[in-house]
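Q: Could you take me through one part of this model slowly, as you would for someone new to protein structures? I would like to know what surrounds that part and how it fits with the rest.

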Amino acid sequence: MASSVQELNLLRPGHAACAGCGLAIGMKLVLEVMGPRTVAVIVPSCEGAIGGVYPNTSYGVPTFHSAFEIAAPTAAGIANGLKIQGRDDIQVLAFAGDGGTFDIGLQSLSGVAKNNDDILYVCLDNEAYMNTGIQVSSATPSYAWTNTTPEGNPRRKKNIMEIMAAHYNPYSATATIGYPRDLQQKITKAKGIRGTKFIHLLVPCPTGWRTPSDISPELSILAVETNVFPLYEVEEGRKYTINHEPRRLPVQAYLLKQGRFKHLGEEQIRQVQRDVDEEWEKLKHRASLQG
Amino acid sequence: MNIPTDSLCELVIPISYGSTAVIETGKWGFQKPDTNLLTAPCQEACPAGINIPEVLYFISEGRKDEALFSMLMENPFPGACGRACFHPCEANCIRAQYDESVSIQALEKYVSDRASVQIEKIQPIANESAKRIAVVGGGPSGLSCAYFLSLLGHRVTIFEAKREPGGVLRWGVPEYRLPKSILRKEIRRILSLPIEMKTGVRVGRDIPFEDLDHFDAIFLSPGAGLNPSLGIEGEGLKKVWKGGEFLERINSKEKVILGKETLVVGGGNTAIDVARSALRLGSQVTLAYRRTRNEMPAIRDEIHEAEEEGVRFEFLVQPVKIHPGKKKRLAVKFQRMKLGGPDATGRSRALPVKGEFLTLETDGLITAVGERVELAWVPKPFVKNDLIGLNPSPRVFAGGDAVDQPRTIVTAIAAGKKAAISMDLSLRGNSDKALLSRIRAGKKGSLSMASYLSMREGEKWLEPKGVATYQQMNPIYFKASHRVKIRKRSRAKSLKKFSEVNMGLRPEEARLSAQRCFSCGTCNYCYNCYFFCPEGAVSLDPFLKTRTVDFDHCKGCGTCAKACPRAVVEMR
């Protein structure tokens, strides 16, 4: 029996996400702020699987299921269509995974950001192609196990925020489910800005990260507190703001909780720590420039 | 499900109109979350059993009147305890294992100063079988017993020997620690309940004890008003006072003139109160104690404040003789002491060092070495080891400093409450001892009046399942922070007058301090379980105090239980 609170849920219960899915938490938190006057675009990925089987859907807002590589242009098309109809109070939201953003959809996203079409693009980053069975993507962190990198990923994670900042789009931000208030504030801020807004949302995946089903929020907090995933925002590609001062825990606190990193040796952990520290210094420097 | 077919789109693209809510994903899981309630260690440690997590939750939400109401449910003296209690709650605060304990006492004072509860709200419950009960002694214990009995619908008469009620709070604790205006306010609040107060009536002197026989039950809380002597030579000299009498004269606003230097003997709260009062009368004060600072029974903060104000300490000395000195001064001869093995109470014994003495000259000597109970008026069978027995006859109960328990204000209040509940049970013919253990807050013996009232009204209430521990908390959700430093009146200003030293928390400081509470084992609506449920199956209502889970869709992932920082959610 659904209570009145659940009827307001724009991600309806009964969806097909795995138990403890961080992505479902992320979509729920985003949709809660977006509200019912929203059109969403999803692509073939976990979002599609979570969406349910015809004729039922878990999305409480009108949602268009597009092709994998074109989340951004589909959303931009809908946004422009609505604009021509004069219905500019409706926000258009694109959900795509890290594969659909970092790899396959990068070119089309770049085109939309260049045109500055009025959409909110949320990249639900679970750091691999989880829906198809855990294959490596360019968002997979270094040394992480996936089915296609059984010895650990030899490459570093792509810095998507820098790519977006290079488009000088009005607003890009990182967020994660462990800080729901920070995430919802960023969505609220993005709603008030016209143009291409980008949210890089880290969503732990119990299935692909090889973790218990109950620690997704905790992992996401550890990612921030170890500086692996700092919370910050970039405005107009220039003004960097760090939103959360991390506790600077050692990266082990984050890595060793996950099965996909359990094979890491000491030298590899040291390397991850060096990379994290270097990125943090770079970020702090950019934030100190104040655009 | 009604699928519209007039849409052109439909011909090209299939559209889902139904909701996945029809799919019962709850069948996937093999465990479900359940709401837990644990007693917080602070509440367990508080003899009065105040529901501290609930009080602090209300303060952090700015609902201070509700916070005061919650405190008044368990303790009629939040203003006095917010100042003069030895706050065992803070010593047991779980947050101390993470960074620093929560400022519970300062928050209690804040609420009692800033909030007001409509007296109509603490109306006594209707009781058709109301009984008449006599309370002997209007100190904290007697007033507490009368307050709770009255809330339970009984008719109470208090017999108070002095001209005003309040006991040690009125005549012992000095103004700078507990302003008498605060005490009067709290006593007025208690006496606004239907309680008959007879002041100036000493049982055994003004009326015989047998006169109490026509009451259905009696509560004895005469306190420990007698000051024992040191039993040494020269005690009868002029300028040698007893601590209790000295404090009573100050609290009666009598003029007390001290010399330039004063010597205080003792290590308890009375000794510290005497020393700091003597400072305020313009004297230089030295406090002599036979053990060391660590063994002093006085409240730590009070010792610290006394030292800051300029009290000098002389440890490991015991007076053996007082004789007149030069220029009308006194010369006090002390035996030097050393610490020995622990005694029965676990404190180190003080043993004399043979042949080593110290003589101090002073203008006055005040002794504060414990209190004794006046027992001449009490029927012999009720007396045990120079004290009154806790429950010496089926209809006679006792509490406060006159019985065998720690002599603190809050234990006295707790004894009054326990007696009130026991009397209510026995007067209603209920002799089920197990009932008392069901309304316990933790294992240290404090009772919850809120639970008792729920039980008495036949309501169901959530019984706590044990006491919370630090290992059950999830500290990743807390940010390390410091206690707020409480503003104190400057030394120069506080020494001029008897005005209150501790200036209390500002509203913003109080909110931040209350937010530091882990709220161990009690839901404080942080919404973690709501935010982090991937199914959107959890809903919370802070006003109805409910937390419901949609079990048709809960997949049993356990995220809510793990994300609850205070162990309120548990997977079953």
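A: Let's start with a word we will need: a residue is called buried if 20 or more other C-beta atoms lie within 10 Å of its own. Keep in mind, too, that this is a predicted model.

Our part is the helix α9(A), which is mostly covered, with ten of its ten residues buried. Walking along the helix, you meet A:Ser216, A:Pro217, A:Glu218, A:Leu219 and A:Ser220. After these come A:Ile221, A:Leu222, A:Ala223, A:Val224 and A:Glu225, which are buried as well.

What lies over these residues? From chain A, the cover includes α2, β6 (171-176), β7 (197-202) and α10 (252-255). Chain B takes part too, through α20 (559-563). Beyond the helix comes A:Asn227, whose phi is positive, near 75 degrees.

Since chain B has come up, let's look at where the two chains meet. Here 33 residues of chain A are in contact with 33 residues of chain B. On the chain A side, α9 (216-225) supplies at least two of the touching residues, and so do α1 (4-8), α2 (22-34) and β2 (56-57). Sorted by class, that side of chain A has 17 nonpolar, twelve polar and four charged residues. The strand β2(A) also pairs with strand β1 (residues 18-19) of chain B, in the parallel sense and over two bridges. In that pairing, A:Thr57 stands opposite B:Ser19.

Now back to α2(A), one of the elements that cover α9(A). This helix packs against α8 (residues 180-191) of chain A, with the axes 9 Å apart and an angle of about 45 degrees between them. At that angle, α2(A) is oblique to α8(A). The crossing of the two helices is right-handed. From α2(A), the contact is made by A:Leu29, A:Val30, A:Val33 and A:Met34. From α8(A), the partners are A:Pro180, A:Leu183, A:Gln184, A:Ile187 and A:Thr188. Of the residues in this contact, seven are nonpolar, two are polar and none is charged. The spacing of such residues makes sense if you remember that an α-helix has 3.6 residues a turn, so residues three or four places apart point the same way.

To put the picture together: α9(A) has ten of its ten residues buried, its cover includes elements of chain A together with α20 of chain B, and the helix supplies at least two residues of the side of chain A that touches chain B.

Conventions
Residues numbered from 1 in each chain as written. Chains lettered and ligands numbered in written order. Predicted model: local features only at pLDDT ≥ 70, side-chain atom pairs only at ≥ 80, totals over all residues. Contact = placed C-beta atoms within 7 Å. Helix = DSSP H or I, 4+ residues; strand = E, 2+ residues; numbered from the N terminus. Nonpolar A, V, L, I, M, F, W, Y, C, P; charged D, E, K, R; others polar. Pairing = 2+ DSSP bridges. Axes fitted to C-alpha atoms, helices over the stretch in contact; angles between N-to-C directions. Parallel < 35°, antiparallel > 145°, perpendicular 65-115°, else oblique. Left-handed = near helix turned anticlockwise from the far one by under 90°. Buried ≥ 20, exposed ≤ 12 C-beta atoms within 10 Å, placed from the backbone.
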